[in-house]
Amino acid sequence: MACTIEQLQNCQYEILCKFADVCETNSLYYTLGYGTLLGAIRHNSFIPWDDDVDVLMDIKSFKKFLKIIKKQPIDNFHLSYYTQECQYPLCFAKLRKEGTYMPEKVLDGLEMHNGVWIDIFTYFNKPDSAFLILLQEKALGLTQMLCEKYYNRIKLKNGNDVISASRVYKMLDKTPDFLLKRLKNFLVFFADAIGKKGSKNVRVFSYGSKLNACVKRELVEGSIKHIFKDREFNIPEKYDELLTTIYGDYMTPVVTHTHTDLEQIIL
């Protein structure tokens with residue numbers, strides 16, 4: 001059955017509240033991020049046409065989050081991440097609501113949960129030398145390559161000219177999933193281990209974002225409470241500088257189309 005943008009946002013808000021409950025109960029650091037942070041500041045709620053929710057966590061808090069929900073799963077919710085689903089192709093996690101369906105056209109054909117979600121982005125301490133920064137970038141880049149094993153199979157099958165046709169990707173494609181999972185775990189551990197504690201900058205693990213390579217730590221750490229819809233959530237204390245870094249004149253609305261097909265979503 002088709003849903004409205006308001007119904008979708010209400011479902012995502014429910015997931016966000018559950019995520020925040022787990023973090024606050026277990027003293028895990030998080031903040032609202034990207035368009036969700038923008039909505040909080042500009043509307044005290046969702047941007048009216050926005051159809052996703054983004055949060056930021058430091059990698060150590062996220063690892064604790066993984067352990068907590070592995071030990072005590074959240075009723076009626078599911079976490080999509082490479083540790084949970086071998087065909088999951090993204091470098092960040094999604095917390096989903098069971099009993100819902102929200103397909104992503106570009107990921108069609110992958111064996112993974114397709115419930116309504118919120119995105120959980122993580123960030124790493126940046127190393128203090130150019131050489132170690134390069135190693136961290138290589139580790140995170142290779143992690144993303146490993147995650148795309150099944151995604152690239154689909155793209156190649158559909159005749160897309162993708163980088164996965166390279167010799168490295170072909171070799172990784174033949175590697176058993178259990179070995180790839182161990183390698184991903186090691187690479188994430190390595191990228192975390194070589195980071196300098198308290199570094200001036202952090203590295204957000206995502207793609208297609210202005211925050212990818214480097215962002216000042218002070219822009220994402222140090223939180224205050226701010227209303228978002230019906231309750232308060234953590235947002236960065238220096239949200240103004242962060243939003244300006246991402247969006248420029250962020251208080252001037254720019255209407256965009258939703259990137260999901262509301263006709264196909266089942267709530």
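Select Phe-186 to begin: in this predicted model, Phe-186 is partly exposed, at a relative accessible area of 46%. The residue belongs to helix α7. Add Leu-183 and Phe-189 to the selection, and a nonpolar surface patch formed by the three residues appears, with a combined accessible area of about 290 Å².

Next, display the whole chain. The protein contains eight helices and nine strands. Of its 267 residues, 51% count as buried. The accessible surface comes to about 13400 Å², and carbon and sulfur atoms contribute 55% of that area. Among contacts with a separation of 6 or more, 66% join residues 24 or more positions apart.

**Helix α3**

Now select residues 59-71, which make up helix α3. The 13 residues of α3 span 18 Å from the first C-alpha to the last, close to the 18 Å expected at 1.5 Å a residue. Which residues of α3 are buried? They are Ile-59, Ser-61, Phe-62, Phe-65, Leu-66 and Ile-69. Because these residues cover an arc of only 155° around the axis, they lie on the same side of α3. The spacing follows a general rule: an α-helix has 3.6 residues a turn, so residues three or four places apart point the same way.

Rotate the view to the face of α3 turned away from its buried side, where the exposed residues Lys-64, Lys-67 and Lys-71 are found. Then return to the buried residues and show what covers them. The cover includes the helices α1 (5-25) and α7 (177-193). It also includes the strands β2 (54-58), β3 (77-80), β4 (93-97) and β5 (117-125). Helix α7 is also where Phe-186, the starting point of this tour, is located.

**Salt bridges**

A search of the whole structure finds 13 salt bridges; three are visited here.

Select Lys-94 and Asp-119, whose side chains meet in a salt bridge at 2.7 Å, N to O. Lys-94 lies in strand β4 and Asp-119 in strand β5, so this pair ties together parts that are 25 residues apart in sequence. Are the two partners buried or exposed? Lys-94 is buried, at 2% relative accessibility. Asp-119 is likewise buried, with a relative accessible area of 5%. The strands that hold the pair, β4 and β5, are among the elements covering the buried residues of α3.

Move on to Lys-225 and Glu-24, whose side chains form a salt bridge at 3.2 Å, N to O. Since Lys-225 lies in strand β8 (residues 223-228) and Glu-24 in helix α1, the pair ties together parts that are 201 residues apart in sequence. Lys-225 counts as partly exposed, at 42% relative accessibility. Glu-24 also counts as partly exposed, at 35%. Extend the selection to Asp-21 and Arg-231: together with Glu-24 and Lys-225, these residues are linked in a network of salt bridges. Helix α1, which carries Glu-24, is another of the elements that cover the buried residues of α3.

The last stop is Glu-218 and Lys-216, whose side chains meet in a salt bridge at 3.8 Å, N to O. Glu-218 is partly exposed, with a relative accessible area of 37%. Lys-216 counts as partly exposed as well, at 31% relative accessibility.

Notes
Residues numbered from 1 in each chain as written. Predicted model: local features only at pLDDT ≥ 70, side-chain atom pairs only at ≥ 80, totals over all residues. Heavy atoms only, no water. Helix = DSSP H or I, 4+ residues; strand = E, 2+ residues; numbered from the N terminus. Expected span 1.5 Å × (residues − 1). Buried < 20%, exposed > 50% of the residue type's maximum accessible area, 1.4 Å probe, protein only. Arc of directions from axis to C-beta. Contact = heavy atoms within 4.5 Å. Patch = residues over 30% accessible without salt bridge, like charges linked within 9 Å, V, L, I, M, F, W, Y side chains within 5 Å. Areas by Shrake-Rupley, 256 points an atom, 1.4 Å probe, with all protein chains shown as cover. Salt bridge = Lys/Arg side-chain N within 4 Å of Asp/Glu carboxyl O.
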